[in-house]
Amino acid sequence: MSAIRLPPILLIYFLLIGGVSAQVQKPLTINELIGIALESSPQVLAARDQSKAIQGQLSSARAIPNPDFEMNTGQQRSVSGPLTTGNVSSWSVTQPLDMPYSRYPRVNAAEANVRAAEATRIAFEIEMISRVQQRFYELMRRDAELKAAEEDLSLTKQIRDRMQIRYDVGDTARFELIRAQTEFLNAQINAESSKLRVEQAKGQLRQVVGHSLPPDYEVVSQALKIEPLPPLPILLNELHAQSPELQRAKAEVEATESKLSFEQNSRLPRLSIKAQQYNDPNFTDRLYGLVVSIPIWDFKGGQIAEAEANASRAKNQLNAQSQSLEQQLETAYKLYQMTSYQVKILDQEVVQLASSARRIAEVSYRYGERGMLEYLDAQRTFRVARNDLIKARFDLASVLTEIQRLRASPEWIAKIESGKQ
């Protein structure tokens with residue numbers, strides 16, 4: 001039977017399709033997931049656009065006022081008397097002066113708004129990194145639970161099959177066989193539930209990263225890096241120095257104070273330089289002068305009152321934001337201490353003791369010193385302790401991620417600024 005030969009174009013097409021499929025199926029690291037999220041999140045993109053728009057406002061605030069040009073032309077006719085008739089024209093130039101007492105507050109307010117917009121952008125990106133990490137660790141937890149459930153299923157199946165053989169030869173009672181069968185069914189249900197929780201966690205991670213992520217994506221499992229944190233006072237100092245939310249609130253206070261200064265200085269006279277010339281058939285007039293705008297009727301009372309209220313509101317919001325972040329950090333730090341202790345006790349004592357008890361029960365059961373029920377109870381105790389350890393470890397990772405978000409980890413900010421996700 002002769003082999004089927006495909007045209008070269010079809011061969012190239014299938015090779016390209018295979019390459020694209022392999023690229024899509026490539027497991028993604030957590031940094032790659034963060035990079036996709038930062039480049040596709042509508043909130044992050046909107047914050048970046050807002051920062052660019054505020055940059056344009058700063059350019060407008062720094063601009064020098066444009067001059068006003070005026071030109072007129074016409075004819076001169078004599079109604080009575082010996083006047084020369086002919087064409088007449090005039091022009092004038094008025095250049096407003098950007099006085100320092102109005103220019104500096106205006107520019108300072110625009111610069112503060114730029115810092116606030118930039119802090120808002122960084123806060124959105126840090127929030128996105130935190131959400132991706134939280135969902136990634138949730139997926140890692142569910143995957144670890146699935147592996148543990150599959151191990152339990154394999155073990156209970158071996159016990160069930162062993163009990164079936166012993167029951168068939170008459171070495172055990174039917175009650176123990178039913179108990180082993182029940183344990184196997186429970187392990188089977190737990191394994192199926194674990195699979196569904198893994199799929200649910202993958203869906204939640206994809207929802208956070210963005211739908212540009214294919215539905216059948218895979219991730220690279222990453223070991224948890226539990227690093228000790230500095231004392232709480234140091235974390236609070238870092239919070240006040242690095243938190244983009246506080247930086248934004250501080251910048252908004254500066255912007256409102258500069259706006260208040262601008263409105264107060266608006267009561268001062270505004271000056272303009274004016275030059276004009278008038279031409280007629282008999283003579284030419286050139287005039288130079290100074291135009292002064294004096295606030296006689298409007299003393300900017302309403303604008304100043306509004307600016308004072310906005311400045312007070314910004315200060316109160318800064319204090320409220322500072323207190324809220326401090327409370328969140330203190331709560332997260334206490335939870336970190338409690339979860340760290342829980343992980344330590346579970347890892348070094350509870351799980352090891354439960355594992356030893358399970359091994360002793362298994363050996364005793366094989367030698368006929370213990371019954372099947374005691375062995376199953378020891379297995380169940382070990383399973384509960386191991387699942388508690390898995391949960392505690394990933395709860396600790398989640399708490400650490402929240403603390404890193406609050407303190408605005410320098411590593412995260414460096415990644416954001418360099419774009420190395």
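The exercises below deal with the largest pocket and the salt bridges of a predicted model.

Residues are numbered from 1 along each chain as its sequence is written, and side-chain values use heavy atoms, with hydrogens and water left out. Because the model is predicted, local features need pLDDT of at least 70 and side-chain atom pairs count only at pLDDT 80 or more, while totals for chains, interfaces and linings use all residues.

**Exercise 1.** Describe the largest pocket and its lining.

*Solution.*

Step 1. A pocket is an open set of points on a 1 Å grid over the protein atoms alone, where a 1.4 Å probe fits, with protein on both sides within 12 Å along at least five of seven lines; lining residues have an atom within 4 Å of a point. Volume is the space filled by probe spheres set on the points, which are joined across faces, edges and corners. For the largest pocket this space is about 610 Å³.

Step 2. The lining holds 23 residues, and Gln133, Lys225, Glu227, Gln404 and Trp412 are the closest to the pocket centre.

Step 3. Two or more lining residues come from each of helix 2 (30-40), helix 4 (100-168), helix 9 (372-407) and helix 10 (410-418). Helices are DSSP runs (H or I, at least four residues), numbered from the N terminus. Helix 9 gives the largest share, five residues.

Step 4. Sorted by class, the lining has twelve nonpolar, six polar and five charged residues. Here Ala, Val, Leu, Ile, Met, Phe, Trp, Tyr, Cys and Pro count as nonpolar, Asp, Glu, Lys and Arg as charged, and the others, Gly among them, as polar.

**Exercise 2.** Locate the salt bridges of Arg121 and Arg405, and state whether Arg405 is buried or exposed.

*Solution.*

Step 1. A salt bridge is a side-chain nitrogen of Lys or Arg within 4 Å of a carboxyl oxygen of Asp or Glu. The whole structure has 31 salt bridges.

Step 2. Arg121 pairs with Glu125 at 3.0 Å, N to O. Both residues lie in helix 4, four residues apart, about one turn of the helix. Arg121 is buried at 10% relative accessible area, and Glu125 is buried at 1%; buried means under 20%, exposed over 50% and partly exposed in between (1.4 Å probe, protein chains only).

Step 3. Arg405 meets Glu127, with the closest N and O atoms 3.5 Å apart. This pair joins helix 9 to helix 4 across 278 residues. Arg405 is buried at 13%, whereas Glu127 is partly exposed at 32%.

Step 4. Arg405 also forms a salt bridge with Glu245 (3.6 Å, N to O). Glu245 lies in helix 7 (residues 244-265), 160 residues from Arg405.
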